[in-house]
Amino acid sequence: MVMVFYGSNGKSNPVSMENKVEHQTENQITYDIHLPSDLGMLYKVRLGLQSLENNISQLSLHRFKIQNTSTLDTFSLTINKTHPLSPNGDRWIEFPIQWPLKEALSVVTYHLTVFSRNILNERNLVHMTACIYGAHGDTGDRSLFQSLQNVQQEEKNESFLVMVDAVDLGELEKILLSISSKTDCKLDIKKLHVQEAAKEHPIYVFEVNEEFYVNANKPKIQREIPRSFVIRGEKQKNDIDNNLNKEGSKVKNLTEYTIKVYTGDKRGAGTDANVHIILFGNEDKSEIFQLSQSLEHQNPFERGKVDTFKIKTKNVGSLRSIEIGHDGKGFASGWFLEKVEITDAARNSMHCFNCNRSVDQSIIPLYMLFSF
């Protein structure tokens, strides 16, 4: 078993339950564990099996007790659950810690709905997890392909529901996706919706709109998806649905762009920062795209390299300019950008945006605008 403890000042690393105390009583196991002293007041615990492939595939839990051997502060909780809850169920159980004179958080069932294009056909070969972050911590990595519900599959669009039990996360902030595969494949994810099962609102919307090129021989892909917006009432939901219906005819007119980014061949030219781009045409502009999945390199934007990206967006008309920049994160965030070449598949045209200068947050704004 492995446990993760959450406190007012952060959370512990996974704690392996290895140090059993002698003189065990029937149906009771006691462990000695050592937690960081700076966790603050503990408020929740996550417990799981390290592997579901060992001899113990299920574990019945009846009661849980923690005692600080220095202060003798004690917490106990009746659980009465079997773990995992089903043969293909979640491998984690979360429960709150309730100390005297302090109200504990409640356990909430979250509905996480994935909207995609081709994930369901690949789910037997792909391993995908989501970690939901909120004001009160996170869920840890939860599988997206165990016990799927409300599966809807059409020719080009699909969606499915995943249920996640966790101690109340508060206001949701972001989701960390992790993707790996047994074979090379391309996964197209559109967005994620998260809401409490017992409530119609709020619905937290996380826009993805990205094609992930998964290579079986490379490390797993991780993508942090910030919250896009929150639907807090039925009226707002209807307004959004109406707007989607109005935009429905435009979806068929999505244009694919091939973006080639040339990093300069000089010392310190590469960057580890997260690079994004916006396309401007004579009719409209695109949304912000994160340039993260290079078709050539696991680590994009290295010195002297060319990285190719493919994106799909609404028709912006004849391409006029671009806005490209980075967030300044990473050990080496300074970046010497030589040029960007963009091919418009619909018009069979190529546009070159020359830069030949350093893109550095300390001396320029986040975005730089280049016109041809």
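Contact here means heavy atoms within 4.5 Å. By that rule, and leaving aside neighbours within four places in sequence, threonine 129 is in contact with Asp141, Arg142, Ser143, Leu144, Leu176, Leu177 and Ser178. Threonine 129 sits in strand 9. Its relative accessibility is 7%, so threonine 129 counts as buried. The model is predicted.

## Overall build

The protein chain has two helices and 26 strands. It runs to 372 residues, and 41% of them count as buried. Take the contacts between residues at least 6 apart in sequence: 67% of these join residues at least 24 apart. The chain exposes about 20,800 Å², with carbon and sulfur atoms supplying 46% of that area.

## Two nonpolar cores

In soluble globular proteins, nonpolar side chains tend to be buried together. The largest nonpolar core in this model holds 34 residues. Met128, Leu144 and Ile179 touch the most other members. Several elements give two or more residues to this core. Among them are helix 1 (119-122), strand 8 (107-116), strand 9 (126-134) and strand 13 (158-167). Strand 14 (172-181), strand 15 (185-196), strand 16 (203-214) and strand 17 (221-226) are also on that list.

Isoleucine 179 shows the packing in detail. Not counting residues up to four places away in sequence, isoleucine 179 touches Val126, His127, Met128, Leu187, Ile189, Phe212, Val214, Lys220 and Ile221.

A second core is separate and has 22 residues. Its members include Val261, Leu291, Trp335 and Ile342.

## Salt bridges

The count comes to 14 salt bridges. Three of them are set out here.

| Pair | Closest N to O | Separation in sequence |
|---|---|---|
| Lysine 44 and glutamate 94 | 3.0 Å | 50 residues |
| Glutamate 171 and arginine 227 | 3.5 Å | 56 residues |
| Arginine 303 and aspartate 265 | 3.1 Å | 38 residues |

Start with lysine 44 and glutamate 94, whose side chains meet in a salt bridge. Lysine 44 lies in strand 4 (residues 42-48) and glutamate 94 in strand 7 (residues 92-96), so the bridge ties together parts that are 50 residues apart in sequence. Both residues are buried.

The side chains of glutamate 171 and arginine 227 also meet in a salt bridge. This pair links two loops: glutamate 171 is between strand 13 and strand 14, while arginine 227 is between strand 17 and strand 18 (229-231). Glutamate 171 is partly exposed, at 31% relative accessible area. Arginine 227 is partly exposed too, at 34%.

Arginine 303 and aspartate 265 form a salt bridge as well. Arginine 303 lies in the loop between strand 21 (289-291) and strand 22 (306-313), and aspartate 265 in the loop between strand 19 (255-263) and strand 20 (275-281). Arginine 303 is partly exposed, with a relative accessible area of 44%. Aspartate 265 has a relative accessibility of 60%, so it counts as exposed.

Some bridges share partners. Lys11, Lys44, Arg46, Glu94, Asp138 and Arg142 are joined in this way into one network.

## Glutamate 341 and the cysteines

Glutamate 341 lies in strand 24 (residues 335-344). Is this glutamate 341 buried or exposed? Its relative accessible area is 15%, and the cut-off for buried is under 20%, so glutamate 341 is buried. Its side chain makes a polar contact with the side chain of tyrosine 262, at 3.0 Å. Leaving aside neighbours within four places in sequence, the contacts of glutamate 341 are Thr258, Ile259, Lys260, Tyr262, Met350, His351 and Cys352.

Cysteine 352, one of those contacts, is partly exposed at 28% relative accessible area. Cysteine 355 counts as buried, at 13%. A search of the whole structure finds zero disulfides.

## Backbone details

Which peptide bond is cis? The bond from histidine 201 to proline 202 is cis, with omega near 5°. Proline 202 lies in the loop between strand 15 and strand 16.

Phenylalanine 301 has a positive phi, near 65°, though it is not glycine. This residue lies in the loop between strand 21 and strand 22. Phenylalanine 301 is buried, with a relative accessible area of 2%.

Asparagine 356 also has a positive phi, near 55°. Asparagine 356 is placed in strand 25 (residues 349-359). It is partly exposed, with a relative accessible area of 48%.

Technical notes:
Residues numbered from 1 in each chain as written. Predicted model: local features only at pLDDT ≥ 70, side-chain atom pairs only at ≥ 80, totals over all residues. Heavy atoms only, no water. Core = buried A, V, L, I, M, F, W, Y, C linked by side-chain atoms within 4.5 Å. Buried < 20%, exposed > 50% of the residue type's maximum accessible area, 1.4 Å probe, protein only. Helix = DSSP H or I, 4+ residues; strand = E, 2+ residues; numbered from the N terminus. Areas by Shrake-Rupley, 256 points an atom, 1.4 Å probe, with all protein chains shown as cover. Salt bridge = Lys/Arg side-chain N within 4 Å of Asp/Glu carboxyl O. Disulfide = S-S within 2.5 Å. Polar contact = N/O pair within 3.5 Å; in protein donor to acceptor, adjacent residues only side chain to side chain.
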